[in-house]
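User: Could you take a close look at one helix for me, and then at what else is worth a glance?

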Amino acid sequence: MTDHIKEIQDFLKEVYNYDFSGYSSSVFKNGIRKRTEAIGLSDAGQYFEYLSQHHDEIDKLIDALTINVSSFFRNPLIFNYIENIILPQLIKNKVGAGGKALRIWSAGCSAGEEPYSIAILVREFLEKNNHPVQTNIFATDIDAEILSRAKAAVYSSEDINNVRYGLVKKYFTKKGSDFKLKTNISEMVDFSVYDLLDKRSKAPPVSIFGDFDLVLCRNVLIYYRKEHQDLILEKLNHSLINGGYLVLGEAETIPQKDRKRFRRLNDHSQIYQARKS
Ligand SMILES: C[S@@+](CC[C@H](N)C(=O)[O-])C[C@H]1O[C@@H](n2cnc3c(N)ncnc32)[C@H](O)[C@@H]1O
């Protein structure tokens, strides 16, 4: 098994430019097993052969390799902080900067729950404060299949468990037992496939140059080994403006040695401010 796993990783890198060498090996093996069984093959060797001959298998494999668990306002305290401290501050800066757009990136956005939660907060804030600030929200993921679900914007009641009742009524329509997000929110988010380990660009190509005021990269780093986490953090630092905010997942932290580039805002959340030299 192990040899074929390495072969598949090398193949993904050489042919598709995906670097899974620093990815959690148990999650990787699980993904291969899932696809091997789904096709009705007996081992990873056979699967490797299949993968090399079927180009349409790649999206299914990436989908099987990735863990897409998410929900609206996951870890509500973080969203409280964003709503009450970060957004007002960023929007005040934009109003003072004469018409510059607010730029936000959800990196590893899964089925859109995270960027849409942010879009709801931004819309609510702008509406209440009557600020005409233009907002660009980019949301990217390595998994093309999950992004199709993000664009469809249909969620189960469990997915929207943390959404306040008033916001559910305002921004969702019931569709059978599911909830469809209204277009005034879904149209605020621009989704694209992007691998955070892609060395060819420093920010998602659709965003052109990065320059983000706020980046959320939550529950992505945990699946990678240290060297790959460093590469991702380097990219995130590069994509932020000086003083821009980075929000990580609860179990993710920036090592002390990198605190020159990222200042931690407080002891109880993984929110950092980028410092550029
Ligand atoms: C557990 S979900 C987290 C979703 C959301 N950020 C949250 O915290 O609820 C992790 C997401 O990261 C994506 N991902 C994993 N590796 C990635 C990479 N190298 N580049 C971009 N996205 C990646 C996965 O496809 C998955 O959708």
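Which residues in α6 are buried?

Analyst: Before the helix itself, a word on the model. It's predicted, so local features need pLDDT of at least 70 and side-chain atom pairs count only at pLDDT 80 or more, while totals for chains, interfaces and linings use all residues. Residues are numbered from 1 along each chain as its sequence is written.

Now α6: the buried ones are Glu113, Glu114, Pro115, Tyr116, Ser117, Ile118, Ala119, Ile120 and Val122. Buried means 20 or more other C-beta atoms within 10 Å of the residue's own, exposed means 12 or fewer, partly exposed is in between, and C-beta atoms are placed from the backbone. Helices are DSSP runs of H or I with at least four residues, numbered from the N terminus.

The helix covers residues 113-129, and its 17 residues should span 24 Å at 1.5 Å a residue, which agrees with end C-alpha atoms 24 Å apart. That expected span is 1.5 Å times one less than the number of residues. Just after α6, Asn130 takes a positive phi of about 55°.

For contrast, try Leu77, which sits in helix α5 (residues 76-96). Leu77 counts as exposed because it has 11 C-beta neighbours inside 10 Å. Its C-alpha atom is 8.7 Å from that of Ser269, 192 residues apart along the chain.

Definitions and conventions: Helix = DSSP H or I, 4+ residues; strand = E, 2+ residues; numbered from the N terminus.
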